[in-house]
Protein chains: 4
Amino acid sequence: MLIMMSLNSPRDHIDKVKNKIIEHGCTPHEIPGSEKLAIGITGPSSTLTIEDFLTLDSVEEVVRVSKPYKLVSREMKRESTIIDVGGIKIGNTNLAVIAGPCSVESREQIFDIASELKEMGIKLLRAGAYKPRTSPYAFQGLKEKGLEYLAEVKEKLGMKIVTEVKDTETLPLISKVADVIQIGARNMQNFSLLEAVGKVDKPVLLKRGLAATIEDLLMSAEYILSKGNYNVILCERGIRTFETYTRNTLDLNAVPVVKKNSHLPIIVDPSHGIGIWDKVKPMAMAAVAAGADGLIIEVHNHPEKALSDGYQSLTPKHFKSLLDKLVELAPVVDRKLELYYD
Amino acid sequence: MLIMMSLNSPRDHIDKVKNKIIEHGCTPHEIPGSEKLAIGITGPSSTLTIEDFLTLDSVEEVVRVSKPYKLVSREMKRESTIIDVGGIKIGNTNLAVIAGPCSVESREQIFDIASELKEMGIKLLRAGAYKPRTSPYAFQGLKEKGLEYLAEVKEKLGMKIVTEVKDTETLPLISKVADVIQIGARNMQNFSLLEAVGKVDKPVLLKRGLAATIEDLLMSAEYILSKGNYNVILCERGIRTFETYTRNTLDLNAVPVVKKNSHLPIIVDPSHGIGIWDKVKPMAMAAVAAGADGLIIEVHNHPEKALSDGYQSLTPKHFKSLLDKLVELAPVVDRKLELYYD
Amino acid sequence: MLIMMSLNSPRDHIDKVKNKIIEHGCTPHEIPGSEKLAIGITGPSSTLTIEDFLTLDSVEEVVRVSKPYKLVSREMKRESTIIDVGGIKIGNTNLAVIAGPCSVESREQIFDIASELKEMGIKLLRAGAYKPRTSPYAFQGLKEKGLEYLAEVKEKLGMKIVTEVKDTETLPLISKVADVIQIGARNMQNFSLLEAVGKVDKPVLLKRGLAATIEDLLMSAEYILSKGNYNVILCERGIRTFETYTRNTLDLNAVPVVKKNSHLPIIVDPSHGIGIWDKVKPMAMAAVAAGADGLIIEVHNHPEKALSDGYQSLTPKHFKSLLDKLVELAPVVDRKLELYYD
Amino acid sequence: MLIMMSLNSPRDHIDKVKNKIIEHGCTPHEIPGSEKLAIGITGPSSTLTIEDFLTLDSVEEVVRVSKPYKLVSREMKRESTIIDVGGIKIGNTNLAVIAGPCSVESREQIFDIASELKEMGIKLLRAGAYKPRTSPYAFQGLKEKGLEYLAEVKEKLGMKIVTEVKDTETLPLISKVADVIQIGARNMQNFSLLEAVGKVDKPVLLKRGLAATIEDLLMSAEYILSKGNYNVILCERGIRTFETYTRNTLDLNAVPVVKKNSHLPIIVDPSHGIGIWDKVKPMAMAAVAAGADGLIIEVHNHPEKALSDGYQSLTPKHFKSLLDKLVELAPVVDRKLELYYD
């Protein structure tokens with residue numbers, strides 16, 4: 001259920017609505033919009049009726065939310081959510097581009113790539129310090145050392161850092177450095193981790209699991225919002241199908257479906273999605289044409305030597321040629337690719 | 001194996017190569033290109049060696065084809081195949097748009113839609129007279145009557161007709177009317193039908209099966225080419241996955257993969273691919289951005305009354321708004337959407 | 001809708017019901033059971049009401065069929081259908097075992113294998129004369145020659161022949177030799193072929209397609225029944241999933257689901273299902289334990305030299321050891337594996 | 001690489017081998033068998049050669065392990081691993097049956113079910129105190145309270161407890177009560193949790209993820225073994241496919257594949273696997289026939305009132321009828337279903 005109140009409702013009217021909700025053992029969520037203020041309700045709302053609220057002051061309308069996901073649904077919030085990452089917006093007409101290597105491999109490597117990206121006008125750097133890997137014997141990231149290098153890159157080059165959290169133990173450390181905390185596909189239904197990032201005051205990039213339906217993805221986002229963190233960016237990164245030519249099947253259908261059903265922004269990771277570097281460019285273009293709010297792309301200055309995911313990484317040169325095309329494409333779908341030159 | 005000869009090889013040099021192939025129980029396929037003439041070999045070529053050909057006149061190079069598909073592979077023919085449908089090109093910089101209803105439902109219905117499309121500059125009309133349906137009790141098309149109406153539309157409005165063939169029995173009848181013969185997803189591995197259209201002198205539109213890998217699709221195209229019909233247009237139309245929100249999972253990854261591995265053109269059917277009308281537009285845009293050579297889109301003047309597939313059909317008005325966007329998008333990917341006004 | 005009449009209804013009562021159905025433009029299907037006579041209705045039954053029938057003589061009950069499939073559903077016919085293949089029953093307590101090579105490869109080969117199987121007590125021989133293959137360059141079967149050998153095996157050894165039909169053209173020829181006509185997975189939705197075998201007076205073995213839901217399989221069977229051939233044996237043979245270790249994913253879940261929703265028998269093909277010979281035995285055992293009415297298993301006397309599917313074929317020796325286990329297993333699930341020694 | 005030594009190798013010979021491994025920066029794993037003692041090596045073994053070991057005392061053979069998983073592979077350990085859960089064996093000829101409700105719902109509920117199961121001779125009780133749920137608003141388990149009840153059941157009824165761990169935070173608490181620690185499908189690639197249970201001295205039940213290949217499952221088990229816990233029981237519980245009739249597609253093919261490639265035991269969860277209570281029995285039978293080492297089955301005394309998974313739970317009466325059949329089936333596959341009556 002969703003209580004729609006006038007935007008300039010006085011605080012005591014709002015509090016009355018919220019108290020009524022709390023009395024029934026539920027949790028109120030204040031969701032301000034540009035035209036109305038909505039109060040979302042989560043919890044066992046079965047004893048609440050529409051009539052409980054209609055007579056309260058400043059209440060204009062009471063709406064039942066029909067989806068299993070509540071706070072993330074467009075029924076709850078008509079306007080698209082815009083997320084602010086150190087001044088860079090994700091979710092409005094800006095086309096957000098996050099780029100960088102799969103992993104931090106050394107101080108030199110991450111500075112080299114970050115510098116090249118910065119020169120191209122990119123401010124959002126992706127790079128993993130803690131790497132969840134299918135094999136226990138594969139490179140697991142530089143861990144604390146990797147975070148240190150990222151902190152240094154952040155400070156010296158002014159990049160905003162997007163980096164993955166693997167578990168609740170390392171979340172405090174990562175939160176100190178990250179501007180956006182990434183949850184990987186294999187942790188999309190690690191509910192304890194979702195709840196933990198739900199209590200952190202940082203935007204979260206939530207990747208779709210390999211066998212997750214779009215509804216599953218939205219339910220996982222709901223976990224984060226229900227704990228109080230409304231800054232969630234969804235990410236389509238490919239699902240598992242019978243096709244063997246590509247590493248995964250990038251499911252761009254998710255983009256218009258999410259845009260219709262949720263107010264949260266959705267970006268696309270074509271690097272993992274198709275998994276073959278020379279096909280990343282067309283899939284990145286397709287993602288933007290489908291309406292994605294942004295892209296996250298693996299770029300490595302020596303893909304052939306990368307400690308992970310080299311096969312799907314673009315060289316800076318190829319990435320630059322993609323950027324040039326994106327600048328052309330963005331206006332066709334009413335967006336603008338903002339590049340930041342100091 | 002592929003024998004590369006100089007473009008102006010004299011006929012007797014060519015015949016010598018072809019005879020050598022025939023002697024070994026194989027079939028030669030002459031594939032002219034703009035720089036070289038290639039002679040493809042199909043059949044049990046195990047007894048042939050590269051040396052058998054290198055000493056023959058006008059032979060410049062002999063190449064092993066590493067893929068299980070031969071005639072459709074880019075190894076066999078470097079240049080993209082351009083298919084001519086009554087003067088309209090598919091496979092070059094032209095962005096081909098095929099539109100129309102799922103089925104011919106009545107003389108009036110097909111004339112109404114075709115006229116509206118013609119006014120928008122569309123010349124390629126899709127509409128089924130014979131409809132393969134999952135249920136024996138569902139509308140199976142107007143059959144001969146439907147073909148008659150299509151023949152009339154073709155004559156009176158000058159449209160080019162794309163229509164589906166269900167079986168070899170009706171192929172002769174359909175071949176008389178169709179400018180492009182469509183093979184549906186469920187018949188993609190109906191090998192007898194593939195062989196039959198391989199002997200017809202009409203372009204074939206081959207749709208990817210619901211569980212077909214990209215390699216399967218190319219192997220099915222190979223069936224058609226191996227019988228002598230080189231005018232095959234591939235079509236991505238969605239595969240089956242665990243996702244339930246969308247009717248199918250339109251797999252745009254197939255576009256760059258096919259473009260790399262085959263010289264045949266590939267178009268995309270976003271209507272079946274995602275299966276929900278209001279998401280057809282973003283997926284159509286995405287398909288073009290991914291590099292598709294064209295689109296095939298379901299348009300119906302009364303989707304709510306359509307006898308089949310109404311839920312995924314665009315109204316002419318929505319289709320027009322898509323066309324306007326495609327005109328803008330095409331140049332970004334080095335194409336042009338040609339509209340034909342009399 | 002289903003009209004339940006008493007078993008000994010006089011002919012004129014039955015005809016009255018059937019005429020009423022025909023008047024409304026529908027088709028009546030007489031389905032005799034051991035307790036009642038059911039009249040199924042297919043076609044556009046929307047104008048028919050339950051009341052139309054309740055007042056007619058001998059009518060005991062009128063039931064709405066809720067499933068999209070009608071004639072194949074258990075709602076239509078409570079009792080399991082038993083199919084008679086030259087005296088061998090499929091669908092009752094008998095556990096039917098069909099065995100043989102993928103293809104007829106030579107007169108000698110098929111006689112050798114058939115003789116070995118006959119000695120083990122097997123009477124149902126599988127072997128393909130016309131082989132649908134993914135590649136146009138793969139062995140396509142011995143065709144007419146293969147059928148001739150099968151006819152000879154049938155006559156000399158008294159085996160019952162299960163062989164595949166690829167297209168309507170060769171159906172008359174195959175019908176002369178086959179005791180059971182097989183429709184392969186890739187033709188499961190070749191609706192013209194389904195209709196054609198629906199008019200033949202031979203049992204049909206219908207294999208599930210690689211991306212076919214169980215409902216799709218039942219709808220395809222419905223095509224055959226709706227044309228008058230009620231002797232359809234369903235066959236689970238593996239679906240396509242993301243798993244790459246096995247050739248397909250044998251979906252034994254289909255067995256109890258089909259048994260609940262349809263009166264038709266269902267057998268299992270573990271050879272194609274898992275696709276690796278040394279895992280055929282456990283999957284065959286599992287199929288029987290899950291309630292399958294029978295098995296179809298590839299057996300080849302020289303798997304390593306087989307022209308198709310050698311990797312998934314059992315040697316006669318391994319097949320014999322499976323048979324011994326099946327004899328033990330059958331009684332646990334209230335069946336009996338009948339072996340036929342002359 | 002795997003160093004095979006004679007069973008009665010003196011300690012100093014063994015230590016010499018282990019030291020050599022440690023010198024190269026790798027980790028030795030002592031894996032005793034009945035005929036030989038194997039020393040497995042994990043870590044960056046690229047600098048080690050077979051010759052490094054062949055000359056050492058008591059070394060009989062050095063084998064390269066070809067699979068990406070090492071410690072879990074049958075190459076590493078020929079004999080099947082037998083896991084002891086309080087005297088009950090899993091992995092030998094015993095057919096292990098774990099049963100119980102999805103969740104602990106109340107003291108009364110868990111005592112009722114546990115008592116009924118105990119009377120039937122079942123000693124392994126499953127029940128979740130911490131429940132990972134797709135929705136943040138669904139019942140999440142009784143948590144600590146639930147564990148307390150389980151501890152009481154364990155003490156008073158002598159049941160062995162199988163219960164799920166959701167995160168590393170609650171692992172110490174759960175380890176105190178659980179006899180087997182379960183990792184759920186959605187946590188199968190929660191690598192930090194895998195490492196944590198790898199350091200606990202309790203058997204682990206590792207469920208296959210919804211999109212996990214069999215190789216992925218083995219790699220996740222490898223994480224646990226590589227940290228020192230060799231007591232891992234694998235569990236097939238259904239994967240995601242396009243089929244919508246069943247909740248998941250129970251993939252019994254995994255059973256023979258795992259048995260061939262790994263020495264670890266594998267059990268099957270038909271309740272989640274097919275997800276419909278009246279089809280659990282045939283799938284349980286099929287699992288055992290396929291060679292599973294055991295079953296884990298949801299049993300609830302009031303399925304219609306269950307707080308989770310009621311639709312797939314058996315009543316005690318139906319479970320009893322399954323048990324009776326399993327007793328008959330077990331000897332056919334050379335097993336015995338041991339029931340424990342005090």
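Biologist: In this predicted model, which segment of chain D holds Asp334(D)?

Modeller: Let's place it by the helices. Chain D has a helix α11 spanning 316-329, and Asp334(D) comes in the stretch that follows. So the address, with the residue counted as exposed at 55% relative accessibility, is the segment after α11.

Biologist: And what is odd about the backbone of Asp334(D)?

Modeller: Look at phi. Asp334(D) is not a glycine, yet its phi is positive. The angle is about 60 degrees.

Biologist: Over in chain A, is Asp334(A) buried or exposed?

Modeller: Asp334(A) is found in the segment after α11 (316-329) of chain A. It also has a positive phi of about 60 degrees without being a glycine. Exposed means over 50% relative accessible area, and Asp334(A) has 54%, so it counts as exposed.

Biologist: How many helices and strands does chain A have, then?

Modeller: Chain A has 342 residues, and buried ones make up 66% of them. Its secondary structure comes to 11 helices and 14 strands.

Biologist: What does the radius of gyration say about how compact chain A is?

Modeller: The globule rule gives 20 Å for 342 residues. Chain A is close to that, so it is as compact as a globular protein of that length. Its C-alpha atoms fill a box of roughly 65 × 45 × 45 Å along the principal axes. The radius of gyration itself is 21 Å.

Biologist: Which domains does the assignment give for chain A, and how far apart are their centres?

Modeller: Domain 1 covers 2-63 and domain 2 covers 83-333. As for touching, 4 residues of domain 1 of chain A are in contact with 4 residues of domain 2 of chain A. Taken over C-alpha atoms, the two centres are separated by 35 Å.

Biologist: What share of the contacts in chain A between residues at least 6 apart joins residues at least 24 apart in sequence?

Modeller: Start with the pool: contacts in chain A between residues at least 6 apart in sequence. Then keep the ones joining residues at least 24 apart. That share is 68%.

Biologist: What about the surface and charges of chain A: how far apart are the mean positions of the positive and negative charges?

Modeller: Surface first: chain A exposes about 11,900 Å², and carbon and sulfur atoms supply 50% of that. On the charge side, there are 44 positive and 45 negative charges. Their mean positions are separated by 2 Å.

Biologist: Back to chain D: which residues of chain C does Glu243(D) touch?

Modeller: Glu243(D) sits in the loop between β12 (232-236) and α8 (254-261) of chain D. At a relative accessible area of 6%, it is buried. Leaving out residues up to four places away in sequence, it touches Thr249(D) in its own chain. From chain C, the partners are Arg208(C), Ala212(C), Thr213(C) and Ile214(C).

Biologist: How far in space is Glu243(D) from Gln140(D)?

Modeller: Along the sequence, Glu243(D) and Gln140(D) are 103 residues apart. From C-alpha to C-alpha, the separation is 28 Å.

Biologist: Last one, Thr49(C): which residues does it touch?

Modeller: Thr49(C) is in the loop between β3 (36-42) and α2 (51-54) of chain C, and at 33% relative accessibility it counts as partly exposed. Its C-alpha atom is 53 Å from that of Ile276(C), with their places 227 residues apart along the chain. Not counting residues up to four places away in sequence, Thr49(C) touches Met1(C) and Arg64(C).

Technical notes. Residues numbered from 1 in each chain as written. Chains lettered and ligands numbered in written order. Predicted model: local features only at pLDDT ≥ 70, side-chain atom pairs only at ≥ 80, totals over all residues. Heavy atoms only, no water. Helix = DSSP H or I, 4+ residues; strand = E, 2+ residues; numbered from the N terminus. Buried < 20%, exposed > 50% of the residue type's maximum accessible area, 1.4 Å probe, protein only. Rg over C-alpha atoms; globule rule 2.2 N^0.38 Å. Contact = heavy atoms within 4.5 Å. Areas by Shrake-Rupley, 256 points an atom, 1.4 Å probe, with all protein chains shown as cover. Lys, Arg positive; Asp, Glu negative; His and termini not counted. Charge placed at Lys NZ, Arg CZ, Asp CG, Glu CD. Domains from an automatic or database assignment.
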